[in-house]
Amino acid sequence: MKQVLIASFYFPPYAGISWVRAFKFCKFLPEYGWTPWVLTVDKRYYGSKTTNRPPNLEFFKQSRLPYIPVPAAKTFASLLYPLYLLLFVLKNRSQLDAVLMIGSPYHPFLLTPIFRRLLRLPTLLDFRDAWSYNFGFDGEQASDTSLLTKLKNNFFLKIEQISLQHASVATFATSTLRDEYASLIPDYQNKYHAIFNGYDEDDFRDITPVSVTKNKTIVLAGKFHIYTPAIVSYFFEILRDIPELTFLYIGEENKTIESIVRKLNVNDQVISMDYQPYDQVLRLIAGSDYCLLTTGLVNGMGTKIFDYLALGKPTLCLVPQGSIITSQFSKTPGIVISEAPHSKERIKNGINELLSTGHSSMKGQAKQFTRKKAAEKLAILLDNAMH
């Protein structure tokens, strides 16, 4: 078995979505000839954002940046992490066949010339999301952003150019983001590949649905307000006119959602929960009737769309114009797409279409998007990088 070092700052027991991609690669890579060795950070750097129910971590090696109790510990760890990574690779070079660095943070990517050119280690960069190519939400362009943001992104771009020049392979979570980088930094586009997120079939075995109300329920797990703040008020105003429908929100914006709910007086139709462990989120989705998904990025697909599909839930997607979700899922039975510019009338039409959508044709639509297939593609790229 060949051994790949997977450098991922975010890893269980971090409470958030950022660890999932790295963890699922670790789980399935051994089936394709690669043993993962994870380099991450001590859980105390995550502060209170940890879960008491992390997934099983016993089946692969882990090394963590030791905890140093300093002010702004997480920022400190982020700055120190590249140095720790470099020293770790230098110390363990003889045991490694390849290195995979997963963003974010992205500045460790600057180590790529050292790993690839000096140490002769095939080096893969997994962007997951955009770094320099990130001008805000809802499909904004560089011309719409402040001078400070432009300067910052230009600095990031220089780091990316150096990193991509020396990388063996660069992977992106969507084909749209891959194509955007091919336009942004075209010299190395032959190295660019898309590895979609997906769902792990093991996570969906023996899921017991949990219902929070006897009413019909529409659930959103993840971000809502940060992507599309105007839509939140529109949505709750429409919800008031559909008294038989309850909205379930699960995520870090629960306090923001609860404040808007009180202001618009829809308390009786909204249930808001803070971050929940992944298995509990799946039970709550399974116990709901419909799903809501929002994103503020043309190239953003996230992970929840795959959970919704795997559980066979009709889903309304509120997305930017030209979103990859539109191109990827607009013809998928049970998926209702509503693109920006968003208005109360358009959202209401989308909800009405959603409520008339049947469940029977939904299951099986997610089969092509599994974490196992994603790991298989990564293993092929690792194998190719060895030659």
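**Entry 1: terms and source**

For the openings in this model I work on a 1 Å grid over the protein atoms alone, where a pocket is an open set of points with protein on both sides within 12 Å along at least five of seven lines, a cavity is a set of points where a 1.4 Å probe fits but cannot get out, and lining residues have an atom within 4 Å of a point. Grid points are joined across faces, edges and corners, and a volume is the space filled by probe spheres set on the points. I note that this is a predicted model, in which local features need pLDDT of at least 70 and side-chain atom pairs count only at pLDDT 80 or more, while totals for chains, interfaces and linings use all residues. Residues are numbered from 1 along each chain as its sequence is written, and side-chain values use heavy atoms, with hydrogens and water left out.

**Entry 2: the second largest pocket**

I looked up the second largest pocket and found a volume of about 420 Å³. Its lining is made by 26 residues, and those nearest the centre are W19, K24, P55, D203 and Y278. Helices (H or I, at least four residues) and strands (E, at least two) are taken here as DSSP runs, numbered from the N terminus. On that footing, helix 1 (20–28), helix 8 (278–286) and helix 9 (304–310) are the elements that give two or more residues to the lining of the second largest pocket, and helix 1 gives the most, with four residues.

**Entry 3: the cavity and the strands beside it**

I then turned to enclosed space and found one cavity of 30 Å³ or more. About 50 Å³ of space lies in the largest cavity, and its lining includes A7, Y81, M101, S104 and P105. Strand 1 (2–8), helix 2 (73–92) and strand 4 (98–102) are the elements that each give two or more residues to this lining.

Strand 4 deserved its own check, with buried meaning under 20% relative accessible area, exposed over 50%, and partly exposed in between (1.4 Å probe, protein chains only). Five of the five residues of strand 4 are buried; A98, L100 and I102 point one way, whereas V99 and M101 point the other way. Counting two strands as paired if DSSP finds at least two bridges between them, I see strand 1 and strand 4 pair in the parallel sense over five bridges, with M101 as the bridge partner of A7. Strand 4 is also joined to strand 5 by four bridges, again in parallel, and there D126 is the bridge partner of I102.

Strand 4, helix 3 and strand 5 form a right-handed β-α-β unit, where right-handed means that, with the strands pointing away from the viewer, the path from the first strand over the helix to the second runs clockwise.

**Entry 4: backbone exceptions**

Most residues other than glycine have a negative phi, and most peptide bonds are trans. I therefore listed the departures from this general pattern. The peptide bond from S104 to P105 is cis, with omega near -5°, and P105 lies in the loop between strand 4 and helix 3. A second cis bond joins A340 and P341, with omega about 5°, and P341 is in the loop between strand 13 and helix 11.

R128, in strand 5, has a positive phi near 60°, and it counts as buried because its relative accessibility is 12%. N265 also has a positive phi near 60°, but this residue sits in the loop between helix 7 (254–264) and strand 10 (270–273) and is exposed, with a relative accessible area of 62%.

**Entry 5: strand 13 and helix 4**

Strand 13 (residues 335–339) has four of its five residues buried. Five bridges join it in parallel to strand 12 (residues 315–319), I337 being the partner of C317, and these two strands make a right-handed β-α-β unit with helix 10 (residues 324–329).

How far apart are the end C-alpha atoms of helix 4 (residues 147–166)? They are 29 Å apart, which agrees with the 28 Å that its 20 residues should span at 1.5 Å a residue, the expected span being 1.5 Å times one less than the number of residues. Among the buried residues of helix 4 are F156, L157, I159 and E160.
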